[in-house]
Amino acid sequence: TNFTITSPANAVIGRYNLTLQVTSGNKIFSRFLGQFVLLFNPWCPADAVYMANENEKQEYVLNENGIIFVGNAKYIEARGWYYGQFQDHLLNICLTMLDLSLYYRQDAAMDVSRRGDPKYVGRVISSMINGNDNDNGVLLGKWQGSFHSHENPSRWDGSVVILQKWRQDNYKPVQYGQCWVFAGVMCTVLRCLGIPTRLVSNFNSAHDVDRNLSIDKYYDTSGKSLNIGKDSTWDYHVWNESWFVRPDLGTAYNGWQVLDATPQEQSK
């Protein structure tokens, strides 16, 4: 006898046990058949991450190599980056990442029940790429001082070695990351889980800490700059965009969604 099993397009992603149960009269026979992993599926029209354009799927889901633009507006540098989302053990590392999150530890049943929603999974992964919440995050950020005791962020050229080191060090944050490293690793994890993802570089990037959507500078009456504002403008910043629908906001907001794993201001 042949059986066909079809999962709902909005099914929860992750590891599943497959068991065959046969009832005959008052007897029940049960047999474990194995495990399988369910992921988001950009090829499935009913999936929240469905992407119609085949070339875009090749680039934003299947491509294991990319370029990250860094530097400043006048001297833009292109860095090669190896995402390696299909390499050995990467899927297990990415699924374990979900189970290490504070979301899962605080309410496992609620967390798992929401793993069919790419919006929710994106938020969890975003928080797990950095180690700022004492949540076993992947990378610790550092922007000044000496890097001699650990890896200088500019030395990384791919995600696989970072994620493998994170696992080998018993999920202790790898030192150190900066924005393009956080974005590169998050792209790997989201593509691995089936969510189309890309990197975005922005030059002369405004960093507004008080949510008034302006960069504030303060001067005394003689025109001397006062060092009292925390707003700043960075040479560049790199973050991610992932492709999925937004039933919570309406169809006008379907498409590329911003996710930023670099730890800056705490969000809700």
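## Phenylalanine 86 and its loop

Let's start with phenylalanine 86, which sits in the loop between strand 4 and helix 2. This is a predicted model, and in it phenylalanine 86 comes out as partly exposed, with 44% relative accessibility. Setting aside neighbours within four places in sequence, phenylalanine 86 touches Val61, Leu62 and Glu64. Proline 8 is another story: 78 residues away along the chain from phenylalanine 86, with 24 Å between the two C-alpha atoms.

## Helix 2, on the far end of that loop

Follow the loop into helix 2 and you find 8 of its 11 residues buried, so this helix is largely enclosed by the rest of the structure. The buried ones are Leu90, Ile93, Cys94, Leu95, Thr96, Met97, Leu98 and Leu100.

## The whole protein

Zooming out, the protein has 7 helices and 11 strands. Its C-alpha trace spans about 95 × 45 × 35 Å along the principal axes. Of the 268 residues, 39% are buried. Take the contacts with a separation of 6 or more, and 63% of them are between residues 24 or more positions apart.

## The main nonpolar core

How many residues does the largest nonpolar core have? The count is 49, and Ile125, Ile129 and Trp166 have the most contacts inside it. At least two core residues come from each of strand 3 (65-72), helix 2, helix 5, helix 6, helix 7, strand 7 (197-207) and strand 10 (232-244). Helix 7 gives the largest share, 11 residues. As a bit of background, nonpolar side chains in soluble globular proteins tend to be buried together.

## Helix 6 and tryptophan 166

Helix 6 covers residues 160-168, and its buried residues are Val160, Ile162, Leu163 and Trp166. Why are these four on the same side of helix 6? They cover an arc of only 170 degrees around the axis, and that puts them on one side. The general rule is that an α-helix has 3.6 residues a turn, so residues three or four places apart point the same way.

Among the elements covering these buried residues of helix 6 are helix 2 (90-100), helix 5 (118-129) and helix 7 (179-192), along with strand 4 (75-82), strand 5 (139-141) and strand 6 (174-177). Tryptophan 166 has plenty to touch beyond its neighbours within four places in sequence: Ile93, Met97, Leu100, Met128, Asn136, Gly137, Val138, Tyr171, Lys172, Pro173 and Val174. Just after helix 6, asparagine 170 takes a positive phi of about 60 degrees.

## Aromatic pairs

There are 9 aromatic pairs. One of them joins tyrosine 60 and tryptophan 256, edge-to-face, with 4.9 Å centre to centre and 85 degrees between the planes. Tyrosine 60 belongs to helix 1 (residues 54-62) and tryptophan 256 to strand 11 (residues 255-259), so this pair ties together parts 196 residues apart in sequence. Tyrosine 60 is buried at 18% relative accessibility, whereas tryptophan 256 is partly exposed at 23%. Add Trp243, and Tyr60, Trp243 and Trp256 form one aromatic cluster.

Tryptophan 180 and tyrosine 236 also pair up: their ring centres are 6.4 Å apart and their planes are at 45 degrees, so the pair counts as tilted. This pair links helix 7, home of tryptophan 180, to strand 10, home of tyrosine 236, across 56 residues. Tryptophan 180 is buried at 3% relative accessibility, and tyrosine 236 is buried too, at 17%.

## Arginines over rings

Two arginines sit over tyrosine faces. Arginine 191 lies over tyrosine 83, at 4.8 Å from the ring centre. Arginine 198 lies over the face of tyrosine 60, at 5.9 Å from the ring centre.

## Cysteines

How many disulfides turn up in a search of the whole structure? The search finds 0. For cysteine 44, the nearest cysteine sulfur is that of cysteine 192, 19 Å away. Cysteine 44 is partly exposed, at 22% relative accessibility.

Cysteine 94 is in no disulfide either, and the nearest cysteine sulfur, again that of cysteine 192, is 3.8 Å away. A disulfide needs the two sulfur atoms within 2.5 Å. Cysteine 94 is buried, with a relative accessible area of 0%, and is one of the buried residues of helix 2.

Note on methods:
Residues numbered from 1 in each chain as written. Predicted model: local features only at pLDDT ≥ 70, side-chain atom pairs only at ≥ 80, totals over all residues. Heavy atoms only, no water. Buried < 20%, exposed > 50% of the residue type's maximum accessible area, 1.4 Å probe, protein only. Arc of directions from axis to C-beta. Contact = heavy atoms within 4.5 Å. Core = buried A, V, L, I, M, F, W, Y, C linked by side-chain atoms within 4.5 Å. Phe/Tyr/Trp six-rings, centres within 6.5 Å; stacked < 30°, edge-to-face > 60°. Lys NZ or Arg CZ within 6 Å of the ring centre and 35° of its normal.
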